Amino acid sequence: MTACAIEPSADPGNSGAPRAGCSITAAGAYAARLARSGQDGDSWYPERWTLDGPEPYAVPLPGNQPEEAGTEVQPMGDGRVLVHRVAAGRHVFALLYPTGPGTGELPLGAVECPADTTGPRLLPPAPGGERAYALAAGPRSTVLWEVAGGAFGPERVAEIPGRCSGGVWLDRTGRMLAVDQETGGRTKAVVVDLERGGEVSPLLQIAADSDDRLLLADPDSGLVLIGSDAPSPGRQRLGWGVLGSTLPVRFPECLRMPDCVVTPFAIQPGQVLTPERCAVALRVDGAFGSWVGVWRPADRRVRHLPAPEGWLTGAGLWTPDGELRLPCSTPQSPCGVARLAAPDAGGGRTAGANDAGDEGDPGGPGGPGDAADTADTADTAPDGSGDPAATAPSTRASAPGRPCPVPLQQAPLARLVTK
């Protein structure tokens with residue numbers, strides 16, 4: 001078998017965000033992807049990567065027949081791989097595992113969805129790695145399914161009003177899940193409490209008439225990355241805030257990249273008391289390809305780095321000490337990890353290196369270099385008035401006449417994060 005990276009496409013279950021080339025467990029020990037095989041690369045099979053050993057290695061898990069290109073795969077915490085197939089209108093789930101020279105398969109059951117439902121799509125790997133969840137969005141409500149880890153196969157966990165997409169875990173126990181809920185023509189992030197029967201509560205509302213999505217969260221620091229059109233009606237902007245804080249959401253000017261799609265995909269963990277110093281990895285898609293951006297809330301610029309050769313685009317993880325690890329696959333090295341060092345919090349340059357020790361170029365392929373990085377600026381309040389009563393207090397001094405940034409609504413899980 002010869003493996004190659006999947007060309008990512010837009011993920012309709014995640015608000016159109018580009019799909020990552022592989023899925024990585026919350027603990028970072030395993031990854032899984034759908035790889036190509038055959039002389040012409042026209043068939044597919046699941047592949048598991050082990051990332052927590054001295055060297056990464058891959059284990060192919062081909063079944064009795066090739067997989068469809070749209071099959072979803074997800075690594076579990078014990079090294080098995082969850083596979084989601086569609087057959088005769090039924091959504092079938094199974095766990096794959098290596099058995100000597102072959103592949104073992106444990107059927108989990110199937111989910112049947114009404115014709116007006118989009119069908120379940122896997123959520124990001126849950127903390128702990130023992131369970132897996134999927135969202136099935138209908139015209140008026142969305143069903144949250146536990147598709148792996150239950151005693152009796154797929155089980156309905158909750159039915160959430162509206163059409164829901166996205167999916168971000170907010171704690172280390174797998175209890176609090178944030179989803180983007182579309183009701184009345186507007187999208188707002190809400191929290192689903194899995195230990196209270198799927199109880200739903202508001203999480204994010206910047207303005208009544210804005211679309212506010214939660215893109216990424218770090219349970220250690222409470223840092224969240226947000227997509228909202230509140231500061232620029234009709235146009236999504238990337239912002240950041242802190243769960244449980246009364247400080248406002250900020251929309252840094254340096255995260256505005258015309259003609260590019262910017263998708264945050266990893267936050268540096270372990271920075272419990274200093275969310276503004278967490279390094280954030282960004283996938284930047286432009287007319288000339290994809291590259292990597294590295295940014296901290298405390299900085300006023302994005303460092304742009306060329307994507308390593310064979311990067312499984314959009315996939316990666318940070319170590320607590322600030323090393324970004326990006327899974328890569330090339331004909332010469334089918335299973336590899338490129339390593340990039342985070343920039344210094346004080347604004348030092350990012351040292352980029354792959355496994356061979358090559359230094360990174362600060363300019364992405366066809367993307368902006370450091371010269372294009374701009375300062376962090378605050379934005380107007382949702383009503384455009386700049387009225388302090390419409391915003392949360394900020395600890396930063398504002399220049400005379402500078403409008404105030406928009407606030408992050410108080411999160412219902414403040415007890416779980418650092419204020």
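Reader: Does Trp 311 count as buried or exposed, and at what relative accessibility?
Author: Keep in mind that this is a predicted model. Buried means under 20% relative accessible area. Trp 311 therefore counts as buried, with a relative accessibility of 5%.

Reader: Thanks! The rings of Phe 265 and Trp 311 form a pair, so how is that pair classed?
Author: Let's look at distance and angle, since a pair of aromatic rings is described by the distance of the centres and the angle of the planes. Planes under 30 degrees apart count as stacked and over 60 as edge-to-face, with the rest as tilted. For Phe 265 and Trp 311, the centres are 5.8 Å apart and the planes stand at 45°, so the pair is tilted.

Reader: How many residues apart in sequence are the parts that Phe 265 and Trp 311 tie together?
Author: Phe 265 belongs to strand 20 (residues 261–267). Trp 311 sits in the loop between strand 23 (303–306) and strand 24 (317–318), so the pair ties together parts whose separation in sequence is 46 residues.

Reader: Which strands stand at the edges of the open sheet with the order 17-18-19?
Author: This open sheet has three strands with antiparallel pairing. An edge strand here has a single partner strand, so one side of it is left without a neighbour in the sheet. That describes strand 17 (212–217) and strand 19 (237–242).

Reader: Which residue in strand 18 stands opposite Asp 212?
Author: Strand 17 pairs with strand 18 (residues 223–228) in the antiparallel sense, over five bridges. Opposite Asp 212, in strand 18, stands Ser 228.

Definitions and conventions:
Residues are numbered from 1 along each chain as its sequence is written. This is a predicted model: local features need pLDDT of at least 70, side-chain atom pairs count only at pLDDT 80 or more; totals for chains, interfaces and linings use all residues. Side-chain values use heavy atoms; hydrogens and water are left out. Rings of Phe, Tyr and Trp (its six-membered ring) pair if their centres lie within 6.5 Å; planes under 30 degrees apart count as stacked, over 60 as edge-to-face and the rest as tilted. Helices (H or I, at least four residues) and strands (E, at least two) are DSSP runs, numbered from the N terminus. Buried means under 20% relative accessible area, exposed over 50%, partly exposed in between (1.4 Å probe, protein chains only). Two strands pair if DSSP finds at least two bridges between them.
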